[in-house]
Structures are given as C-alpha cells and as structure tokens.
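Grab a pencil and work through the exercises below. Try each task yourself before you read its solution.

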Amino acid sequence: MASIIIHSSSCSTSSVLHSHTCNNNNNNKQSVVQLHQFRSSVFPDALVRFSGSKWLSPLSGTKLRSGFKCAAGDASVLPSALLFDCDGVLVDTEKDGHRVSFNDTFTEKELGVTWDVDLYGELLKIGGGKERMTAYFNKTGWPENAPKGEQERKDFIASLHKRKTDLFMVLIEKKLLPLRPGVAKLIDQAFAKGVKVAVCSTSNEKAVSAIVSFLLGPERAAKIQIFAGDVVPRKKPDPAIYNLAATTLGVEPSRCVVVEDSGIGLAAAKAAGMTCIVTKSGYTADEDFENADAAFDCIGDPPEERFDLDFCTKLLQKQYV
C-alpha cells in the first residue's frame, strides 16, 4: 500500500508530499482507507487534486485532511512513458545558464544588448531561443551591425543561437548547474518498471543532449530519447513536441505523464491529451497552474520527497477522483 502524507518541510516554502511503503497484510487493513470510500463519504461526485500545498475539491474548495491513506495503483496500468521538459525541470538552467550564455554571446558580437533577470523572465513566455531573440529585436529594434534582409536576419539569429549553445554547454560539461532534486530517482524508478523515458524541449538538441549525458550519465542517457529544438515546426505551447514523442515512442497520449515547469509547457502537454505534473522553477513559481493535474516545488529526494512513480501511476489512473 502507499501512504500519502502531506506536511511542511524545509526544502522550500511549499508543502511536501512524502510517499512511504507499508505492508499489505491483514494487520494493517484497519488503518487503510480505500480512496473510493474516502471520496464517496467526503467529496461525492467531486474531482480531488493536489494544488500548491492543499488537496482540493474544486466544487467546494475544501482542504482535505492530511494523513489520509489510499490504495496503491494496479501495476498493469503504469504510465507508458514519462516525458520531461528540460530547462527548469531537469536543471534550473534559465537564470544562471541560458541567460548568462545569451548575454556573453551578445557581448562577443558587440550588440549592446543585456538581458537582466526580470526581462529574461518575460522573454521566457516565448518558446525557443531563436524565437525569443527574434521577438525581442523586432520589438526593441535590431542592432546596428545586424543584417537588414529577412533571410540574412534568420541566419544571423541562428549563428547567435549556435554560439550561445556552445557557451552553455561549457557550463554543463563543467557540471556548474546541478540536477534538480529527485530527477534521477524518478527516472530510475521508471526504468526499473519498464516505463519509457523521453525529454521534450524547445531548447537546442545539442544542449539538451549535453544535459542528459553529462548530468544523468551515459548509462541513463542511452535509454532516454530526446525530442528538442527544431524537430517540430511549432514550439510550446503548441502540442507538436508531445504529439511527436507519443507517435515515435508508440504510446497513447492518455498513458503519458509529463513533468513540466512552465505555463506554456503545461498548455502543450494538456493540448496533447496527457497528464501533467508541474515542478515549479525559479522563473515559474508564480505562474498559474490551475490546469495542472498536480503541482509541486520539485520532485524531491528522500527524506524530502514530493512524489514518485507510484504517485504518477495513481494520478494517471485518476484514483484521486
């Protein structure tokens, strides 16, 4: 059985969900409340989900009592695939990784442009680094030493992005940006149960591959399929990247669990018909994740674990209804 306990912890300001294992025998049956019984007695006909630091019924807005227990999911209906976003999910890369690398590139090219922390947070609402730079220059004006023609500007942006990626990879290769808590744990749990794992990102494929290889290690990287960058014509919030992943992996979208950190990523996952768990990152902590199936500050490692594969399974099975 899985005992779901909600309480405060020191890993961050948000509440923590711990998942512990208990024995499945006659002696503890009295302590186990089957979730369908809990649902029917407390929230009949109401969807119950985790939001921020509370289990909520959207019909009543009532907080569920902590310490309730529920039945473990049927292993026969495990997720077919876990699909991870990269930046902000595997690694909190944006502020001290991509932003710094963009600025170093702008300095090298003498463009007279600097993206501060707040500005970059706004630019992150645009999926894709090349798209981000193009939108910024279209709005604020192109640098004097930038080309004038449309195709030449596309090539110029591509060259800037390539240099940014090279600088970013140096940070990754030196392991200056660590994995977020719980990422390796959840991936290993998926591999142990035969669940496919992929990374679906708007970032450059070279940069994503570097993160997976250097930070997760070659053994894990060999089992992880990567869908990134320009592999699809439309970036998040368009669902194209997740649709491609499901088709390529040969899985039903409804059997996929996505881990995202942003509103545009959440929108892409839900538009693809997938279950989505949000792990908030530095830039996305205050975004609206009302449509997420669950939201936490991170995945978490024991003893400050927020969720695990068992939680993903039960969430997919909609056992919290």
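## Exercise 1: One serine up close

The backbone nitrogen of Ser 203 lies 2.9 Å from a polar atom of the Ser 201 side chain. That fits the cut-off for a polar contact (a pair of N or O atoms within 3.5 Å; within protein, one must be able to donate a hydrogen and the other to accept it, and residues adjacent in sequence count only if both atoms are side-chain atoms).

Before you go on, keep two things in mind. This is a predicted model, where local features need pLDDT of at least 70 and side-chain atom pairs count only at pLDDT 80 or more, while totals for chains, interfaces and linings use all residues. Residues are numbered from 1 along each chain as its sequence is written, and side-chain values use heavy atoms, with hydrogens and water left out.

**Task.** Where is Ser 201 placed, and is Ser 201 buried or exposed?

**Solution.**
- Step 1: find the element. Ser 201 sits in strand 7, residues 196-201. Helices (H or I, at least four residues) and strands (E, at least two) are DSSP runs, numbered from the N terminus.
- Step 2: check the accessibility. Ser 201 has a relative accessible area of 2%, so it is buried. Buried means under 20% relative accessible area, exposed over 50%, and partly exposed in between (1.4 Å probe, protein chains only).
- Step 3: look at the neighbours. Leaving out residues up to four places away in sequence, Ser 201 touches several others, among them Asp 85, Asp 87, Phe 227 and Lys 236. Contact here means heavy atoms within 4.5 Å.

## Exercise 2: Reading the sheet

**Task.** In what order do the 6 strands of the open sheet come, and which are the edge strands?

**Solution.**
- Step 1: write down the order. The 6 strands form an open sheet in the order 8-7-6-9-10-11, with parallel pairing. Two strands pair if DSSP finds at least two bridges between them.
- Step 2: pick out the edges. Strand 8 (224-228) and strand 11 (294-296) each pair on one side only.
- Step 3: add the twist. From one strand to the next, it averages 20°.
- Step 4: zoom in on strand 6. It is joined to strand 7 by 4 bridges, and Phe 84 stands opposite Val 199 there. Strand 6 is also joined to strand 9 by 4 bridges, with Leu 82 opposite Val 257.
- Step 5: go to the far pair. Strand 10 (residues 275-279) and strand 11 run parallel and share 3 bridges; Val 278 has Ala 295 as its bridge partner.

## Exercise 3: What covers the strands?

**Task.** Which residues of strand 6 are buried on each side, and which strands does helix 9 lie across?

**Solution.**
- Step 1: recall the rule. In a regular strand the side chains alternate between the two faces of the sheet.
- Step 2: apply it. Ala 81 and Leu 83 are buried on one side of strand 6, and Leu 82 and Phe 84 on the other, so both faces are covered.
- Step 3: place helix 9. Helix 9 (residues 240-249) lies across strand 6, strand 7, strand 8 and strand 9, at about 145° to strand 8. For such angles, axes are lines fitted to C-alpha atoms, for helices over the stretch in contact, and angles run from 0 to 180 degrees between N-to-C directions.
- Step 4: place helix 10. Helix 10 (residues 263-271) lies across strand 9 and strand 10, running at about 165° to strand 10.

## Exercise 4: Two packed helices

**Task.** At what angle do helix 2 and helix 5 pack?

**Solution.**
- Step 1: read the geometry. Helix 2 (residues 94-108) and helix 5 (residues 150-173) pack at about 130°, with their axes 8 Å apart.
- Step 2: name the arrangement. That angle makes helix 2 oblique to helix 5. Angles under 35 degrees count as roughly parallel, over 145 as roughly antiparallel, 65 to 115 as roughly perpendicular, and the rest as oblique.
- Step 3: list some contact residues. They include Ser 101 and Phe 102 of helix 2, and Leu 167 and Phe 168 of helix 5.

## Exercise 5: Backbone oddities

**Task.** Which peptide bond is cis with omega near 20°, and what is the phi of Glu 110?

**Solution.**
- Step 1: the bond from Lys 236 to Pro 237 is the cis one. Pro 237 lies in the loop between strand 8 and helix 9.
- Step 2: Glu 110 is not a glycine, yet has a positive phi of about 55°. At 68% relative accessibility, Glu 110 is exposed.
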